[in-house]
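Dear colleague,

I am handing over the structure below for you to look at. My notes on it come straight after, and I would be glad if you read them with the model open.

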Amino acid sequence: MDIDWAALGQVFGVSLLATVGLVGVFTLGIVGSSARNAEGGTPVLARTGAYVCFALCAAAVAYGIYIITAP
């Protein structure tokens with residue numbers, strides 16, 4: 001049995017970067033949704049950015065499911 005260590009390392013690296021990136025985008029969404037201004041309301045730009053971050057996370061998950069289930 002021969003293991004292709006270069007391919008294994010490439011899969012590990014891409015998986016690590018994708019995971020860290022996805023967690024980072026989700027964290028930005030949480031921070032944006034919890035931002036408050038002086039009056040106690042959420043600024044529109046921060047809320048919009050949070051929604052964009054959450055949409056990116058949902059798109060990444062949907063793409064991953066598509067890749068797994070594609071014929």
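The notes below go from the chain as a whole to one helix and then to one residue.

This is a predicted model, in which local features need pLDDT of at least 70 and side-chain atom pairs count only at pLDDT 80 or more, while totals for chains, interfaces and linings use all residues. Residues are numbered from 1 along each chain as its sequence is written, and side-chain values use heavy atoms, with hydrogens and water left out.

The chain holds two helices and zero strands (DSSP runs, H or I of at least four residues for helices and E of at least two for strands, numbered from the N terminus). Its radius of gyration, taken over C-alpha atoms, is 18 Å, well over the 11 Å that the globule rule (2.2 Å times the number of residues to the power 0.38) gives for 71 residues, so the chain is more spread out than a compact globule. Along its principal axes the C-alpha trace spans about 65 × 25 × 10 Å. Of the 71 residues, 8% count as buried (under 20% relative accessible area, with a 1.4 Å probe and protein chains only).

Helix α2 covers residues 44-69, and its end C-alpha atoms lie 37 Å apart, which agrees with the 38 Å expected for 26 residues (1.5 Å times one less than the number of residues). A50, C53 and C57 are buried in α2, and the buried residues of this helix pack against α1 (5-33).

A46 also belongs to α2, and A46 touches G32 and A35, leaving aside residues up to four places away in sequence (contact means heavy atoms within 4.5 Å). A46 and G32 are 14 residues apart in sequence, yet 4.8 Å apart in space, C-alpha to C-alpha.

Best regards

Note on methods:
Buried < 20%, exposed > 50% of the residue type's maximum accessible area, 1.4 Å probe, protein only.
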